[in-house]
Amino acid sequence: MTSGTSRVRRGPNDPDRRARIARAAIEVVGARGIDGLTHRAVAATAGVPLGSTTYHFSTLDDLLAVALEQAAAANVERLRTWAASLSPDEDFAVALANLVMSYLRDEQSSTVVEYDLYVAALHRPRLRPASAAWDEALVDLFGSWTDPLTGRMLAGLFCGLLIQTALADPAPSAGEVEALFRRAVHGPFAE
């Protein structure tokens, strides 16, 4: 180097590449399921060289972990936005039933992918912290409308209903889902 000339540090050529690969992993799981997740499929979906996927995520579990973390974060953000839109006098049981139905009507493909990733933690212990963090965010969110114990029950009911309703043929009606949430929120009715 000559005097008076300084060396310019170059940043990464593609600073969004890691995030793009993570989003591609979610897309691949959506299209092919967990068993269809490969570095090659993710690289093709992300439009990056195969070596980029293995550089950023050396194992498939690394890819699954980042996909689960991103899916959970996106889901929790959607739920926080939904909760912020509720009025203080909102009928929470009706709001929860409408939320379940909208997840299945308007966001079914995202919901299926998110639960594929969530359930993957059953066989991959490394993914469990991300799944547990997702659960705790639901408990906190629903508990803020009720109390901590009811929030935990509502989180379990919410997750269970999403899976059951996605699989059911025919799917339960909004009224049936509302009745379950109403019981959970208000308890049994005195006769």
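These are my notebook entries on a predicted model, arranged by the region I looked up.

**Entry 1. Annotated spans**

I began with the record. UniProt, in an unreviewed entry, carries the annotation "domain: HTH tetR-type" over residues 15–75. I looked up the secondary structure of residues 15–75 and found 77% helix and 0% strand. The C-alpha atoms at the two ends of that span lie 24 Å apart.

The unreviewed UniProt entry also lists a "DNA-binding region" at residues 38–57. For residues 38–57 I noted 75% helix and 0% strand, with the end C-alpha atoms 11 Å apart.

**Entry 2. Thr53**

I next looked up Thr53, which sits in helix α3, residues 50–56. Is Thr53 buried or exposed? Its relative accessibility is 0%, so I recorded Thr53 as buried, the cut-off for that class being under 20%.

I then asked what lies around Thr53 beyond its neighbours within four places in sequence. The contacts are Ile21, His39, Val42, Ala43, Val48 and Ser58. Within its own helix, I found a polar atom of the Thr53 side chain 2.7 Å from the backbone oxygen of Leu50.

**Entry 3. Salt bridges**

I searched the whole structure for salt bridges and obtained nine. I followed up several of them.

Asp16 pairs with Arg23, and their closest N and O atoms are 3.1 Å apart. Both ends came out as partly exposed: Asp16 has 36% relative accessibility, and Arg23 has 37%.

Asp61 forms a salt bridge with Arg124, with 2.8 Å between the closest N and O atoms. This pair links distant parts of the chain, since Asp61 belongs to helix α4 (residues 60–85) and Arg124 to the loop between α6 and α7, 63 residues apart. I recorded Asp61 as partly exposed at 26% relative accessibility, and Arg124 as partly exposed at 25%.

Asp62 forms a salt bridge with Arg126, and here the closest N and O atoms are again 2.8 Å apart. Asp62 is in helix α4 and Arg126 in the loop between α6 and α7, so that this pair, too, links distant parts of the chain, 64 residues apart. Which of these two residues is buried, and which is partly exposed? Asp62 is buried, because its relative accessibility is 17% and the class takes values under 20%. Arg126 is partly exposed, with a relative accessible area of 47%. I also noted one network, in which salt bridges with shared partners join Arg78, Glu107 and Glu114.

**Entry 4. Pro125 in the α6–α7 loop**

Having met Arg124 and Arg126 in the loop between α6 and α7, I looked up Pro125. Pro125 lies in that loop, between α6 (108–120) and α7 (128–143). Its relative accessible area is 53%, so I recorded Pro125 as exposed, the class being over 50%.

How far apart are Pro125 and Asp61 in space, C-alpha to C-alpha? I found 9.9 Å, for two residues 64 positions apart in sequence. Asp61 is also the salt-bridge partner of Arg124.

**Entry 5. Tyr115 and helix α6**

I located Tyr115 in helix α6. At 11% relative accessibility, Tyr115 counts as buried. Leaving out residues up to four places away in sequence, Tyr115 touches Cys159, Leu162 and Ile163. I also checked Tyr115 against Leu68, which is 47 residues away along the chain; their C-alpha atoms are separated by 9.2 Å.

**Entry 6. Nonpolar surface patch**

Ile163, a contact of Tyr115, reappeared when I looked up nonpolar surface patches. Val119, Leu122, Ile163 and Leu167 make a patch of about 390 Å². Of these residues I checked Leu167, which is found in helix α8, residues 148–167. Leu167 counts as exposed, because its relative accessibility is 69% and the class begins over 50%.

**Entry 7. A cis peptide bond**

Lastly I looked at the peptide bond joining Asp169 and Pro170, which is cis, with omega about 5°. Most peptide bonds are trans. Pro170 is placed in the loop between α8 and α9 (174–186).

Methods
Residues are numbered from 1 along each chain as its sequence is written. This is a predicted model: local features need pLDDT of at least 70, side-chain atom pairs count only at pLDDT 80 or more; totals for chains, interfaces and linings use all residues. Side-chain values use heavy atoms; hydrogens and water are left out. Helices (H or I, at least four residues) and strands (E, at least two) are DSSP runs, numbered from the N terminus. Buried means under 20% relative accessible area, exposed over 50%, partly exposed in between (1.4 Å probe, protein chains only). A polar contact is a pair of N or O atoms within 3.5 Å; within protein, one must be able to donate a hydrogen and the other to accept it, and residues adjacent in sequence count only if both atoms are side-chain atoms. Contact means heavy atoms within 4.5 Å. Patches are made of residues with over 30% relative accessible area and no salt bridge: like charges are joined within 9 Å, nonpolar side chains (Val, Leu, Ile, Met, Phe, Trp, Tyr) within 5 Å. Accessible areas come from the Shrake-Rupley method with a 1.4 Å probe; for residues, only the protein chains shown count as cover. A salt bridge is a side-chain nitrogen of Lys or Arg within 4 Å of a carboxyl oxygen of Asp or Glu. UniProt positions are given in the numbering used here, feature names are shortened, and annotations may be inferred rather than shown by experiment.
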